[in-house]
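Subject: Structure handover

Dear colleague,

I am passing on the structure we spoke about, with the sequence alongside. Below it you will find my notes, which I would be glad for you to read with the coordinates open.

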Amino acid sequence: MAVSSITFAPAKIVRALLQAGCVRRAFSFFEERAEEIDDLHAEICSIPAPPFGEERRARYLRGRLAQVEPDELELDEEGNVIALLRGRSLFPLLVLSAHIDTVFPPNTDFTVRREGRILRAPGIADDGCGLAALIALAEAIRRYEIKTKGSILFVGTVGEEGEGNLRGVRHLLLKGRWAGRIDSFISLDGAGLERITNGALGSRRFRVRFIGAGGHSWGDFGIANPIHALGRAIARLVVYPTPLRPRTSFNVGRIEGGAGVNVIAREATMDVDLRSESAEELARLTNFFHRTVAEAAAAENGARASSAPPIEFEIELIGERPGGETPAESTLVRLAREATRVFGVDPFLDRASTDANIAISMGIPAITIGVGGTSGNVHTLNEWYDPHGREEGLKRALLIALGIAGLG
Ligand SMILES: [Zn+2]
């Protein structure tokens, strides 16, 4: 950290930052260049970035970050874009990240439609606004020659969403050349100004596959049907009594299978997402889920004609995100709260599943914050982002980053 925990006074640090000429100039930059930031945001989000297909958007991001002439710039072997803005010394090293990928499949229309200042496109908020913020922050720091004590790595990560399973940030923190060298981590993800996500929501994701012999719906009626088994499994899962505290959830997010209305399918699959604030509750839910799948298969097999072959099932773990927490009393969280209050907003701490999960699980102080503006219909084709108030999100992020890196 830039200051020892004994003398650390977040209010004082934020006040000093607000008085620094370079910070004030960066603040005006965010206000005066609002339209340019909107244009940049629209441009980057119009480049498709489906899961495992982020290269084009990553190359664009690398090009934009090259314009600020970082001390180092690379596209790493996993596909992350990494730009180093070196301070007086390399350490402490702060990561500011946003994720390049979206949840949408390759054939999605990523065209950005604009209505006044409102931007509409899949992924425009999650995490288009984080990417726009990443570039705007790097530009402001360079343009106004903001000198820091430690250094900042600006990172566009791949694979944050869904089956990406945080592969980009895992590589960054666990395998790549920066692994073991990062002191704190801030993920810029989504809109809003109040949220400080210091809790990492643990999750497990599974693909379930029911496999049968298949046949004719009339001629072979009575043999075990994988789609019927899938239906039985879902019906069992959805009555699980999730506690409100610790908050726990399940979701069947994708189902697939079958060849036609008069065909008994050979196969049916579903992808299931299980989450809980508590590791113990997540384990309990996971056990229940395994049991529902086995029971559903047994029930379907029990109902089949005795001569027909039984269906089988496979359960594959397709994602696992560790849980944990950056303490509310940590330097990073206290600073983030103080920086949020500058804008007359009451910060609130929450818990989510984000790139910060990996850092948090490694004991690296990490948070995820929104970067201002408002959004809606996230993870749908009707996703929108309204940039009014974006400048406050950018200012807040800059204050937190500089509070950690230290003005040098
Ligand atoms: Zn996101």
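To begin with one residue, is D355 buried or exposed? Please bear in mind throughout that this is a predicted model. D355 is buried, its relative accessible area being 1%, and its place in the chain is the loop between β16 (348-352) and α10 (356-361). Not counting residues up to four places away in sequence, D355 touches S97, H99, T157, E160, L166, V169, F185 and S187. With E160 in particular, the two residues are 195 apart along the chain, yet their C-alpha atoms are separated by 6.2 Å.

H99, one of the residues that D355 touches, leads on to the metal site. The zinc ion is coordinated by NE2 of H99, by an OD atom of D126 and by two OD contacts from D189, at 1.9 to 2.5 Å. Along the sequence these donor residues follow the spacing H-x26-D-x62-D. H99 belongs to strand β3 (residues 93-99), whereas D189 sits in the loop between β7 (184-188) and β8 (195-200), so the pair ties together parts of the chain that are 90 residues apart in sequence. Both H99 and D189 are buried. As for the geometry, the angles subtended by the four donor atoms around the zinc ion run from 54 to 144 degrees, which makes the arrangement irregular; a tetrahedral arrangement would need all angles to lie between 85 and 135 degrees.

Turning to the packing, the largest nonpolar core has 75 residues, and those with the most contacts inside it are F154, L188 and L398. Helix α5 gives the most to this core, contributing 11 residues. If neighbours within four places in sequence are left aside, the contacts of L188 include L96, S97, A98, D127, G130, A133, L134, L137, I369, V371 and A397.

Finally, helix α2 (residues 21-32) has 12 residues and reaches 16 Å from its first C-alpha to its last, close to the 16 Å expected at 1.5 Å a residue. Its buried residues are C22, V23, A26, F27, F29 and F30. Seen down the axis of α2, these buried residues fall within an arc of 155 degrees, so they line one face of the helix. Among the elements that cover them are α1 (10-19), α3 (34-45), α5 (128-143) and α11 (390-405).

With best wishes

Methods. Residues are numbered from 1 along each chain as its sequence is written. This is a predicted model: local features need pLDDT of at least 70, side-chain atom pairs count only at pLDDT 80 or more; totals for chains, interfaces and linings use all residues. Side-chain values use heavy atoms; hydrogens and water are left out. Helices (H or I, at least four residues) and strands (E, at least two) are DSSP runs, numbered from the N terminus. The expected span of a helix is 1.5 Å times one less than its number of residues. Buried means under 20% relative accessible area, exposed over 50%, partly exposed in between (1.4 Å probe, protein chains only). The arc is that of the directions from the helix axis to the C-beta atoms. Contact means heavy atoms within 4.5 Å. Donors are N, O and S atoms within 2.8 Å of the metal (3.2 Å for Na, K and Ca); water is not among the atoms, so sites may look incomplete. Four donors count as tetrahedral if all angles lie between 85 and 135 degrees; four count as square planar and six as octahedral if opposite donors are over 155 degrees apart and all others between 65 and 115; anything else is irregular. A nonpolar core is a set of buried Ala, Val, Leu, Ile, Met, Phe, Trp, Tyr and Cys residues joined through side-chain atoms within 4.5 Å.
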